[in-house]
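Welcome! Below are some exercises to work through with the structure open beside you. Try each task before you read its solution.

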Amino acid sequence: FDPEAKEYMTTHGWPGNTRELKRLVDLLTAGGDGRITLDMVKRHLTHAPAASPCNAAATREQYDCALAHGLPKAVDMFIADIVRRNLEENNGKRTETREQLKISKRLLYSVLNGPEFKA
């Protein structure tokens with residue numbers, strides 16, 4: 001393993017524990033040249049950091065938005081904002097946005113064509 005690949009793997013949450021690690025190593029070593037790079041690991045490992053930056057609690061602004069517009073509308077607005085921001089970070093590359101946000105093509109286009117995205 002390259003040092004960068006090892007470092008990347010240590011930050012993974014490993015929800016499948018040793019079974020997930022074994023599966024990954026088997027996959028990486030099958031037909032390879034013996035060297036495991038960071039790029040190889042990233043291609044095969046859906047990265048879930050050990051310490052998630054997500055906070056399940058809604059912010060005051062999100063809560064107020066839900067009270068003012070209703071929860072379904074607030075959720076739609078939140079989703080549209082996340083998609084918009086990710087598209088900007090990816091220079092409009094929709095495939096990268098879908099992969100990073102782990103959403104379907106159908107959901108992405110539904111958001112892009114929705115009124116919340118244009119607002």
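## Exercise 1: Charged pairs within a helix

The side chains of R85 and D81 come together in a salt bridge, 3.6 Å from N to O. Keep in mind that you are looking at a predicted model.

**Task.** Find out which helix holds R85 and D81, and whether each of the two is buried, partly exposed or exposed.

**Solution.**
- Step 1: Locate the pair. Both R85 and D81 lie in helix 5, which covers residues 71–89.
- Step 2: Look at the spacing. R85 and D81 are 4 residues apart, about one turn of the helix.
- Step 3: Use the cut-offs: under 20% relative accessible area is buried, over 50% is exposed, and partly exposed lies in between. R85 has 48%, so R85 is partly exposed. D81 has 29%, so D81 is partly exposed too.
- Step 4: Widen the view. D81, R84 and R85 are linked in a network of salt bridges.

**Task.** Now do the same for R60 and D64: where do they lie, and how exposed is each?

**Solution.**
- Step 1: R60 and D64 form a salt bridge, with their closest N and O atoms 3.2 Å apart.
- Step 2: Both residues belong to helix 4 (residues 60–69), and about one turn of the helix, 4 residues, separates them.
- Step 3: R60 counts as exposed because its relative accessible area is 58%, while D64, at 33%, is partly exposed.

## Exercise 2: A pair that links distant parts

**Task.** Which parts of the chain are linked by the pair R35 and D2?

**Solution.**
- Step 1: Begin with the contact itself. R35 forms a salt bridge with D2, and the closest N and O atoms are 2.6 Å apart.
- Step 2: Place each partner. R35 sits in the loop between helix 2 and helix 3, and D2 in the segment before helix 1. The two are 33 residues apart, so the pair links distant parts of the chain.
- Step 3: Check D2. Its relative accessibility is 12%, so D2 is buried.
- Step 4: Count across the structure. There are 7 salt bridges in total.

## Exercise 3: The nonpolar cores

**Task.** How many residues make up the largest nonpolar core, and which helix gives the most to it?

**Solution.**
- Step 1: The largest nonpolar core has 10 residues, including W14, L24, L28 and M40.
- Step 2: Helix 1 (3–10), helix 2 (17–29) and helix 3 (38–44) each supply at least two residues of this core. Helix 1 gives the most, with 3 residues.
- Step 3: Zoom in on L28. Leaving aside neighbours within four places in sequence, L28 is in contact with F1, I36, M40, V41 and H44.
- Step 4: Look apart from this core and you will find another, of 7 residues, among them A80, L87, I103 and L108.

## Exercise 4: One side of a helix

**Task.** Which residues of helix 7 are buried, and what covers them?

**Solution.**
- Step 1: In helix 7 (residues 105–112), the buried residues are L108, V111 and L112.
- Step 2: These residues lie on the same side of helix 7, because they cover an arc of only 100° around the axis.
- Step 3: Their cover includes helix 5, helix 6 (94–101) and helix 8 (115–118).

## Exercise 5: A nonpolar patch on the surface

**Task.** Which residues make the nonpolar surface patch of about 400 Å²?

**Solution.**
- Step 1: The patch is made by L71, V75, F78, I79 and I82.
- Step 2: Pick out I79, which is found in helix 5. With a relative accessible area of 30%, I79 is partly exposed.

Definitions and conventions
Residues are numbered from 1 along each chain as its sequence is written. This is a predicted model: local features need pLDDT of at least 70, side-chain atom pairs count only at pLDDT 80 or more; totals for chains, interfaces and linings use all residues. Side-chain values use heavy atoms; hydrogens and water are left out. A nonpolar core is a set of buried Ala, Val, Leu, Ile, Met, Phe, Trp, Tyr and Cys residues joined through side-chain atoms within 4.5 Å. Buried means under 20% relative accessible area, exposed over 50%, partly exposed in between (1.4 Å probe, protein chains only). Contact means heavy atoms within 4.5 Å. A salt bridge is a side-chain nitrogen of Lys or Arg within 4 Å of a carboxyl oxygen of Asp or Glu. Patches are made of residues with over 30% relative accessible area and no salt bridge: like charges are joined within 9 Å, nonpolar side chains (Val, Leu, Ile, Met, Phe, Trp, Tyr) within 5 Å. Accessible areas come from the Shrake-Rupley method with a 1.4 Å probe; for residues, only the protein chains shown count as cover. The arc is that of the directions from the helix axis to the C-beta atoms.
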